[in-house]
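Student: Could you take me through one part of this model closely? I would like to hear about the aromatic rings and their surroundings.

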Amino acid sequence: MRSFHFISGLPRSGSTLLSSILKQNPEIHASITSPIASLFEIIISQISAGSELSSLVTYEQRRNLLKGLFNSYYEDLPNRIIFDTNRSWPSKLSAILTVFPNAKIICLVRDVAWIMDSFERLYRNNPFENTKLFANAQQRSTVYTRLDALAGANSVVGFPWNSLKEACYSEHAERLMIIDYDLLVRKPRDVLNYIYDYIGEKSFEHNFNNVEYDAPLFDNQLGIEGLHRVHSVVEPRDRESILPPDLIRRYSSMSFWRHLQESKAARLIPTLNN
């Protein structure tokens, strides 16, 4: 019987790396972001109040349509375990857990200052490309305007941050597993064993010295070369930040998951500690 789980969390935090490791297991399919979350939202909008079709579709039919979307999209794959990746899944927890009651959501996080540093490096490595990360010249003008744009409520960092924070303090928080990028690259074997245990599957012997992955066609259409490129060896890579100190302080303070132990939600969320 095929099972569905989800990968989400913050960008530049290891979701592509994790998918690249997981798919070494022939039982598992995992990849970069899929279009299912967008199609999921379109279906709901077409059968919700305000649509002339809403009265023709029962609750059970709505659930079957959404489940059928996943089954159709992944029908041709032989894998028994599917991890679908999208930053928006934490904002749709009630819906996806109604469709897949046994699903788990693996959420990758990272110090937000290092996320911003990573995006800024990508931007500077592509100096002759007006990446689609920014809507106009004003947003692109300085590191301050670039990071402000990325942190916007509906932007590439701000939206998944808001989505994840909502989920972490929701009634479904126990269905999330929070993994810090730094822990993933330091202790990949421990992290993967924990994931297998969390989803109720047998562990697999992964090769952490051969995990290369790239998606140049996807990245190039966004004007961001190397966005989904991962190194072949899973290990920490120390570097100095290229951000001004005030921006490092500002965005490091957004790493709310570090304080989950102080909240009621913390006891509900399976967290992998150092």
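Tutor: Happy to! F4, F6, F40, F70, Y73, Y74, W89 and F100 come together as one aromatic cluster. Please keep in mind that this is a predicted model. Across the structure there are 14 aromatic pairs, and two that share F70 make a good path through the cluster.

Begin with F40 and F70, whose rings meet edge-to-face, with 6.2 Å centre to centre and 75 degrees between the planes. F40 belongs to helix α2 (residues 36–46), while F70 belongs to helix α3 (residues 59–73), so this contact ties together parts that are 30 residues apart in sequence. Both F40 and F70 are buried.

From F70 we can step on to F100. These two rings also form an edge-to-face pair, at 4.9 Å centre to centre and with 85 degrees between the planes. Here F70 in helix α3 is joined to F100 in the loop between α4 (93–99) and β4 (105–109), so again the pair ties together parts that are 30 residues apart in sequence.

How buried are these two partners? F70 has 0% relative accessibility and therefore counts as buried. F100 has a relative accessible area of 8%, so F100 is buried as well, the cut-off being under 20%.

Aromatic rings also have charged partners in this model. K104 lies over the face of Y198, 4.3 Å from the ring centre. In a similar arrangement, R110 lies over the face of Y181, at 4.1 Å from the ring centre.

How values were computed:
Residues numbered from 1 in each chain as written. Predicted model: local features only at pLDDT ≥ 70, side-chain atom pairs only at ≥ 80, totals over all residues. Heavy atoms only, no water. Phe/Tyr/Trp six-rings, centres within 6.5 Å; stacked < 30°, edge-to-face > 60°. Helix = DSSP H or I, 4+ residues; strand = E, 2+ residues; numbered from the N terminus. Buried < 20%, exposed > 50% of the residue type's maximum accessible area, 1.4 Å probe, protein only. Lys NZ or Arg CZ within 6 Å of the ring centre and 35° of its normal.
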